[in-house]
Amino acid sequence: MSKRIIAILSIASVLLFGVGCSKNVSENTAISGETIEVDTNITLGDTISIDGSGATVYGSKVVINSAGTYGFTGTLKDGQIVVNAGKEDNVKIVLNGVDITSTNSAPIYSMSSKNTYLVLQEGSENIVTDGENYVYEDETNDEPNATIFSKDDLIISGAGKLTVNSNYNNAITSKDDLKISEADINITSIADGLRGKDSVTISSGNININASGDGIKSNNAEETEKGYVLIEGGTINITSLEDGIQAETNATVTGGDLTINSGGGSENSSKESETWGDFGRPMDNKNNSSTTTEEDTPSAKGIKGSNLVKIDGGNINIDSADDSIHSNSNVEINGGVINISSGDDGVHGDSTVDINSGEINITKSYEGIEAEIVNINDGDIKVVASDDGINSAGGNDGSSINGRPGQNNFASSGNASININGGKVIVDASGDGLDANGSIYMKDGVVIVNGPENNGNGALDYDGKFEVSGGLLIATGSSGMAQSPSESSTQNSINIFKNFEANSIIHIEDENGSEVITFVPSKSMASLVVSSSNIKTGSSYKIYTGGESTGTLEDGLYTEGNYSGGIEGDSFTVSSILTNVGQSTGVFGNPGGGRMPGQGGMQDMPPAGMEGEVPERH
C-alpha cells in the first residue's frame, strides 16, 4: 500500500467559501418498485450543476449539508461527494449512472448525519474509484480511509449496480452499522471489502468481493452487543487473502448463497510435517513434539466469530487456507448446507461445537471437527481429514499466525468430550477417526469411521472412556492403536482383529441368518469395531467376506436387500458388553487396548525398529 500523505487543507475551511444553488425541484424516481422522491438533482461533470437545495459545490466537490434525497448522474473525474449534515438528519444519495473518481480521498464521504442511505437506481450502473494516496483533513485523523466511508450508519439498497475499486485501503466502511439489501455490488479492494465497526448485515442482493485483506469485517471489541456480522440472504462471493468473514463477536448466517475462498484456498495451506516410518506423521495434534514448520502468515479463515459462529441456514461453500469455520469460543450449526475444503480444521471452536441439524460435507481438512466439547445431536455430516476426523481437546487454539495449521495449543483438561446423540456421521481419517482428550459418549445415530491404515493412529482414541448406549457404530482401522468401546457401555460391541481388504463386502449375521451389518470399507484394515442393538448377549454370529448384496449402498453401508455368495470366516458368541474376535497383530498392545507407550494400556517400550523416544501422543 502507498504511503499516506497528510494534507494541510481541511473540508471545514473549504465550506466557508462555497457557493450553493438554491433551486428546488422534486422528481419521483422508482427504485425497484419503490418510489423515491428526489428533492435535489445533481449532474456531475467538468461543471457540476445542482437543481434543488441542500447541497453546495466547491470546485469538484459536492457537499450535502441537510436532510433530504439527492439524485446523482454523470462523471466526476477527480472529485468527491461529502455529507456534512446535522446529527439527526437522514440523507439519501441516489446513484443513477455515475462514475466518480477521487485521486486523494474517499469519492463518497459521509462525515456527519444520523443515517446515510446509498440507493442504486434500478437499471443503473455506478462506478466509484479512489487513488493510491489519500490527503487527510488533519494530521491526527486518518479519515476517511475507504473508497466509500461513513462515520455514521450506512445503508445501501436498490436494484442497480455498484462497482467499487479500492486502491488505497478498504472499499466500503461504516464506523457504525453497515446494512445492505437488494444491491448488486462488485468490489475489488487492496484491503478489506466491507467493514462495519458495529455490525455488517446483508439481507439480500448480489455481492462479489475480491479483497487483499478480509472480505467482510466487523471490529467493535469494546461493546459486547456489537461487532457482529449477520448474513440473512443474497448471493455473496468472497475471494480474500485473509479471513472471508471476520466478526469480533458473533458471525451468523441464516440464509443465502455464500461462497468463500480465503488465503488462496485449501491448496495454499503452509503445513509441512515429517513422517516416521509405519506410524505416519509426527504426533502433532496435542501436547506434542511436532516438527511442523511454517512462516508467520495472516489469518485466512473462512468464517470467523470470536464469540460465536452460528449457522441456521443457507448454502455455504468454503475453500480456506486456514480453518473454514472458526470461533475462539463456540460454534453452533442448526441447519443449512455447508461444503468445506480446508487447509486446517474444517470446523473449529475453542470451547464447543454444537451440531443440531444441517448437511456438512468436509471434503478436505487437517482435522475435520475440533473443540474441547463436540456435541452432535442431529445432521448429516461427512468428514475427510489428513489427521483426526473429530477431535475433542482442552485449552485454546493459537491459530495459524501462532503456529497453525496442524499445531494446537490444546492441553488436556479432563473435560473434553465427544457426545453423539443422533444424526449420521461419516469419517475418513488418516489420523485418529474419533479422538478425545477425555471421553466419548454415543447415545444414538449412525457413526461410520474409515480410519487410519498406519499403526500410529486408531479409528477410536480416547483417554477416559467410550460409553455406547445406542445407535450404530462401525469403526475400521489399523490394529496397532485400536481401542474399543468401554465395558461401562450398555450396548454390546465387538472388535474383530482380522485383515480385511478395501472395497470388499464384510457381512455379519446372527445364528438365525439375521443381518447385523453388510459393510464395504474404503480402506484396508486390521480392526473392525461394531456396536449395534442387533448384537445380543448369548447369541452367536458369523463373519463373511466378499459376495454381493441386493440392498442400497450408501456411505459404505448396505440397507435392505439380501446378501449372498460370501466366504464364511470366523464365528463367535457374545458373552459380555465387549467381545474381541481374533488377536491384534499391530506393534502396539492387545486387542481393545490401544495407546502409545506411556499412555496407559500398553507395554511401555518402543516398537520394533524404532529405538529411542516415541513422540508423546494424546
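This passage walks through a predicted model, from the overall fold down to a few strands, a cavity and three single residues.

Start with the whole chain. The secondary structure of the protein chain comes to one helix and 62 strands, so strands are what there is to talk about by the DSSP count. Of its 618 residues, 58% count as buried. Sequence separation tells its own part of the story: take the contacts between residues at least 6 apart in sequence, and 55% of them join residues at least 24 apart.

Next, some of the strand pairing. Strand β5 (residues 40–44) is mostly covered, with four of its five residues buried. β5 has a parallel partner in strand β9 (residues 68–76), and five bridges hold that pairing. One of the matched pairs is N41 with G71 in β9. β5 also pairs with strand β6 (residues 49–51), this time in the antiparallel sense and over three bridges. There, T43 stands opposite S49, and the link from β5 to β6 is a hairpin through four residues. So β5 has a parallel pairing with β9 and an antiparallel one with β6, each counted under the rule that pairing takes at least two bridges.

Further along the chain, strand β45 (residues 424–429) turns up in two pairings. With strand β42 (residues 380–385), β45 pairs in the parallel sense over six bridges, and K382 faces I426 across that pairing. With strand β48 (residues 446–450), β45 again runs parallel, joined by five bridges. V427 has V449 of β48 as its bridge partner. As background, side chains in a regular strand alternate between the two faces of the sheet.

On to empty space inside the model. Rolling a probe the size of a water molecule over the atoms shows where such space is left. The count here comes to three cavities of 30 Å³ or more, and the largest holds about 40 Å³. The lining of that largest cavity is made up of V83, I93, I108, S110, T116, L118, I148, F149, S150 and L154. Elements giving two or more residues to it are β12 (108–112), β13 (115–120) and β16 (146–150), and β16 gives the most, with three residues. By class, the lining comes out as seven nonpolar, three polar and no charged residues.

K87 is the first of the single residues to look at. K87 sits in the loop between β10 (80–84) and β11 (90–102). Is K87 buried or exposed? K87 is exposed, because its relative accessible area of 51% is over the 50% cut-off. Leaving aside neighbours within four places in sequence, K87 is in contact with S112, S113, K114 and D152. With D152 there is also a polar contact between the side chains, at 3.5 Å. K87 and N115 make a pair for anyone checking distances: 28 residues apart in sequence, but 8.6 Å apart in space, C-alpha to C-alpha.

S218 lies in strand β25 (residues 216–218). S218 counts as buried because its relative accessible area is 1%, and the cut-off for buried is under 20%. What does the side chain of S218 reach at 3.0 Å? The answer is the backbone oxygen of K197. A polar atom of the same side chain also lies 3.4 Å from the backbone nitrogen of S199. The wider contact list for S218, not counting residues up to four places away in sequence, includes G196, K197, D198, S199 and V200, along with G227, Y228 and V229, and then Q246, A247 and E248.

Last comes D323, placed in the loop between β33 (315–320) and β34 (325–327). Despite the loop setting, D323 counts as buried because its relative accessibility is 0%. Its side chain makes a polar contact of 2.8 Å with the side chain of H326. D323 and Y366 are 43 residues apart along the chain, and their C-alpha atoms are separated by 9.1 Å.

Key. Residues numbered from 1 in each chain as written. Predicted model: local features only at pLDDT ≥ 70, side-chain atom pairs only at ≥ 80, totals over all residues. Heavy atoms only, no water. Buried < 20%, exposed > 50% of the residue type's maximum accessible area, 1.4 Å probe, protein only. Contact = heavy atoms within 4.5 Å. Polar contact = N/O pair within 3.5 Å; in protein donor to acceptor, adjacent residues only side chain to side chain. 1 Å grid on protein atoms, 1.4 Å probe; cavity = no way out; pocket = protein on both sides within 12 Å on 5 of 7 lines; lining within 4 Å. Points joined across faces, edges and corners; volume = space filled by probe spheres on them. Nonpolar A, V, L, I, M, F, W, Y, C, P; charged D, E, K, R; others polar.
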